[in-house]
Amino acid sequence: MQVIRLWNYLRGYVIIKVEGLTLERFLNLAATRDIYLWDIRRLDYTLLEMKVGIGGFKGLEEVVERVGCRVEIMNRNGLPFLLQRLKKRKMLGFGFFIFLAIILFLFSLIWDIQVAGNKRIAEEEIFQTLENVGIRRGIIKYRIDREYVEDRLLDEFEDLSFASVEFKGTRLVVEIKEQDLPPESIDMDTPCNIVATKKGVVLKTIAKNGSALVRKGDVVDEGDVLITGLIRDEDPEVEDMLVHAEGEVLARTVYTYALEEPIVKKVEKETGQVYEAHELRFGKRGIIFSKDDIPFEDYIEKTRKVKLFGREIDVPIKILVHEYREVEVVEEKQDIDALKNTIYMKAIEGINEQLAERVEVESKDVNYKVDGNMLSIHIVVEVIEDIGRKQPLT
Amino acid sequence: MKDRMDDIKYSVSEALELPKDVMLDLPRIIMLGNIQLNVSNHRGIIEYTQEALRINSNAGVIKIIGKDMELKTILSEEIIVVGTIEKVEIIG
């Protein structure tokens, strides 16, 4: 039934009122002439309301003449009439067309560029490279030759193993994969020395190849040769031999770490008073809607975005809510023992960052000092580690 | 004469199991509960108001009594009536 209704709508129909005495005759005549009438209702003794298609309406003229009744058009419905009305209102149609064109145009622009998968390479560098090939926000996406851009990216950054440029709606997603850099290795055939990476006291030297220059107890500085690949014979007649030195040099090294923390601390406590202001932001410019000034002396500001349609959509128009929470600044004297504990944890964390992975901690020395309002900590850690590093002989 | 012709037609359709409405040119009346009524093979409308409808056919006048009846469609071979149908009567 819906299909028929839709068909009628597309073809166009009129609602008419027929007034006369022998209306049944009118219906029968229309039926025999194959004029399709539908939704016929008797309104009154001499009045019928019905719907008839545009073509059928023209055919009805003859019937009306024979029956002798009056026909009045109540309403014109359907697409043909709608189009006719639109023809009169050209600007409306024009506006609709412009609207479509703008939508299509906006959808064919790039609004956002996203880079994914970069670890070492900075996003800015990639943006710069893209810019060099003419890709930035606001350009028409159909002009971008994706393969060319991918090739350019691979050319520009040598340690990329993969690059892909994809459109996700109005967003350009550049996905790259960086090659895993192999650890710098020196060929086994290349003669090399083993030098110290840091200052330390040598505990043990194990020379698998080459000759050790340092012994237990020696103090070495960074860059000192520990195991040499240059072997000299005592006999000056014999030529010097160059080998690929290999071995381990264990040494005691020292790490220090210092940290300060105020004992009396200013703590901001929220009072629970909140003041909200809304902002409508177009790109970088925004209008803040707020009734009056922020009624608090000390406050922290939090900004959150109002999610349109419950989703994160990147549109140039944003609604921001600024939330001002009133705070009270309270000076709080902290318990020294507790503070020592927390500062110690922080210092240990800091020193752990300095240490290499495979080390053996020999000793640890912790010193606290209270100086006025400051509590300072000084940690000295002695560890045993391999300080050797291969360096090619020239 | 006509009656004899009809008798023969009836016997033939009975014997050959042909649909009788086609053979005898009779109206086919289909009711959908009490809300819709289709009459195929009619001979025109005699009277139509919202409460009563009389349709001419070969079997006689079909009289339909109901409430708020509307003629959904009128074609030369079919009439569809919708509304609340209360009574269908055939006056031969």
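## Chain A: surface and overall content

Chain A has an accessible surface of about 26800 Å², and 51% of that area belongs to carbon and sulfur atoms. The model described here is predicted. Of the 394 residues in chain A, 28% count as buried. Its secondary structure consists of eight helices and 22 strands. When contacts in chain A with a separation of 6 or more are considered, 66% of them are accounted for by residues 24 or more positions apart.

## Helix H1 of chain A

Helix H1 of chain A spans residues 2-11 and is hardly covered. Among its ten residues, the count of buried residues is one. The residue that follows H1(A) is Gly12(A), and its phi is positive, near 90°.

## Nonpolar surface patch

A nonpolar patch on the surface is formed by Met91(A), Phe94(A), Phe97(A), Ile98(A), Ile102(A), Phe105(A), Leu106(A) and Trp111(A). Together these residues have about 810 Å² of accessible area.

One of the patch members, Phe94(A), is placed in helix H5 of chain A, which covers residues 90-107. Phe94(A) counts as partly exposed because its relative accessibility is 45%, and the partly exposed class lies between the buried limit of 20% and the exposed limit of 50%. Membership of a patch requires over 30% relative accessible area, a condition that the 45% of Phe94(A) satisfies.

## Negative surface patch

Chain A also carries a negative surface patch, made up of Asp145(A), Glu147(A), Asp151(A), Asp155(A) and Glu158(A). Within this group, Asp155(A) lies in helix H7 of chain A, which comprises residues 146-156. The relative accessibility of Asp155(A) is 59%, and the residue therefore counts as exposed, since that class begins over 50%.

## Chain B: fold and surface

Chain B contains two helices and six strands. Along the sequence, these elements follow the pattern α-α-β-β-β-β-β-β, with both helices preceding the strands.

Of the 92 residues in chain B, 35% are buried. Contacts between residues at least 24 apart make up 39% of the chain B contacts that join residues at least 6 apart in sequence. The area exposed by chain B is about 5400 Å², with carbon and sulfur atoms supplying 54% of it.

Methods. Residues numbered from 1 in each chain as written. Chains lettered and ligands numbered in written order. Predicted model: local features only at pLDDT ≥ 70, side-chain atom pairs only at ≥ 80, totals over all residues. Heavy atoms only, no water. Helix = DSSP H or I, 4+ residues; strand = E, 2+ residues; numbered from the N terminus. Buried < 20%, exposed > 50% of the residue type's maximum accessible area, 1.4 Å probe, protein only. Contact = heavy atoms within 4.5 Å. Areas by Shrake-Rupley, 256 points an atom, 1.4 Å probe, with all protein chains shown as cover. Patch = residues over 30% accessible without salt bridge, like charges linked within 9 Å, V, L, I, M, F, W, Y side chains within 5 Å. Salt bridge = Lys/Arg side-chain N within 4 Å of Asp/Glu carboxyl O. Lys, Arg positive; Asp, Glu negative; His and termini not counted. Charge placed at Lys NZ, Arg CZ, Asp CG, Glu CD.
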